[in-house]
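This report sets out selected features of one structure, covering strand pairing, burial and helix packing. The sequence and the coordinates are shown first.

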Amino acid sequence: LIGEWPINEASDLEGALALWHGEAFGEFSAHPFLLGEARRLHELRTHTRIQLANSYLNDGDLARPISMLEALVADEPSREDAWVLLVQALLAAGRLADAARAAHRCRRALAEIGLEPSSALNEIEGAALQQRSQAALSNPSIRVDIGPVRYARNGKVHLAYQIVGGGPVDLILSSYGSVSIDSIWDCERFSAFIDRLATSCRLVLYDTRGIGLSDPINVDSPPSLEQQADDLRSVVEASKATRAVIIGIGDGGPVTIAFAHRHPGILAGLVLINTFARLIKADDYPVGITQERFDANLHMSVDPDSDRDTSLVLRNHAPSVAGDPTFRRWWERAGRRGASPATAAALWRVRYGADVRTQLDTVSVPALVLHSRDNHVIPRAHGAYLAQKLRSARFVEIDGSDQTPFTEGADAVVDYVV
């Protein structure tokens, strides 16, 4: 079947595959004398399955090749040619998000066995990301009112905030990592995520102390978790939010929990996305990461003297868009604009080094805990722990592996929140 005979008809391939029953040589396939021939025959069969899927695809049949190829890559996850054809089929079917996700899954499967993706995978992944971006631009989110940047005050500290939309429910969202509210609107994906939230809510965005447009910090004496929680209260009061729902993402989760503990009367609910009560491993918290790994990650992320690979940082945090050059440029620029390396390191040591486990039982408002199923930055076990220990919590796993909630799985996140 792999020879020079041109096969153009699906029926011929179906007939060839119908002759195959089980593994070649059955229970004797692992015998040293037969092993090589068994592998050759298995390769022939796999190649024929891919040829048949391609024939279906050329005939305009999309359902069958997608089903066949999904089954094939489940059995042989390192089979790159099958993945590439699967991405092509998903794109042809208009399933742009699934196509981008399949390309990422292939890349991850290859990395696990030490292989680099081929140019074919890189090209089809780029096509998938480009088509997703074009679809987003041709079907933009309903634009909402974007208010001016204003400032709340906690003592002498100024905290930048911005109100977007005007719905009946107040949502409060702090800056994501070191990304300032001023940089959100430069990213199509992030701004679309904000737009969707704000179509039915009054969304208050703010920069935490030390980030973006808010006042700087003393890196030798960064604000404590309690001080950051009081900063959040100042923003809630200045924005005139009533019975607000606070959204804590990533390193913002402990601050949100500390706020709920210190100021319970202000809250209507919590949304905790890809976050934790404690990140560092301890004898009574085995799901955490080691201190050594945390220090290494922090060094790679913010130390200006490190040999850091910004693409690696992005692949860890948002693998679904790591191949998108536009997103990568925004990611790097927003990080630089949001905080200096010393500021980011000082804040993250407080936030990622926090332990608010004892406060979870004091949080009486309803909580929604959302976590990416295959998250490698903050594994899902952290989210499961939060949901187990909070008094009234619902735990929802979001498909994908992105730490960033505004990329892969963004639609699902918005649907659950609003």
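In this predicted model, strand β2 (residues 157-164) is joined to β4 by four bridges, and the two strands run antiparallel. Within this pairing, Ile 163 stands opposite Val 204 of β4. Strand β4 also pairs with strand β3 (residues 169-174), here in the parallel sense and over six bridges. In that second pairing, Asp 170 lies opposite Arg 202 of β4.

Strand β4 itself spans residues 201-206, and six of its six residues are buried, so the strand is largely enclosed by the rest of the structure. The burial extends to both faces of β4. One side carries Cys 201, Leu 203 and Leu 205, while the other carries Arg 202, Val 204 and Tyr 206. Thus Val 204, which faces Ile 163 of β2, and Arg 202, which faces Asp 170 of β3, both belong to the second of these groups.

Relative accessible areas for three buried residues are collected below.

| Residue | Relative accessible area | State |
|---|---|---|
| Cys 187 | 5% | buried |
| Cys 201 | 6% | buried |
| Thr 343 | 10% | buried |

Each of these values falls under the 20% limit for a buried residue, and the assignments in the table follow because of that cut-off. Two of the entries are cysteines, Cys 187 and Cys 201. As regards disulfides, the count for the model comes to zero, the criterion being a pair of cysteine sulfur atoms within 2.5 Å.

Thr 343 is located in helix α14 (residues 341-352). What does Thr 343 touch, not counting residues up to four places away in sequence? Its contacts on that basis are Gly 210, Ile 217 and Val 219.

The remaining topic is a pair of helices. Helix α9 (residues 225-238) packs against helix α10 (residues 253-262) at an angle of about 75 degrees, and their axes are 8 Å apart. Angles of 65 to 115 degrees count as roughly perpendicular, and α9 and α10 are therefore roughly perpendicular to each other. On the α9 side, the contact involves Leu 225, Glu 226, Gln 228, Ala 229, Asp 230, Leu 232, Arg 233 and Val 236. These meet Pro 254, Val 255, Ala 258, Phe 259 and Arg 262 of α10. Sorted by class, the contact between α9 and α10 consists of eight nonpolar, one polar and four charged residues.

Key
Residues numbered from 1 in each chain as written. Predicted model: local features only at pLDDT ≥ 70, side-chain atom pairs only at ≥ 80, totals over all residues. Heavy atoms only, no water. Buried < 20%, exposed > 50% of the residue type's maximum accessible area, 1.4 Å probe, protein only. Pairing = 2+ DSSP bridges. Contact = heavy atoms within 4.5 Å. Axes fitted to C-alpha atoms, helices over the stretch in contact; angles between N-to-C directions. Parallel < 35°, antiparallel > 145°, perpendicular 65-115°, else oblique. Nonpolar A, V, L, I, M, F, W, Y, C, P; charged D, E, K, R; others polar.
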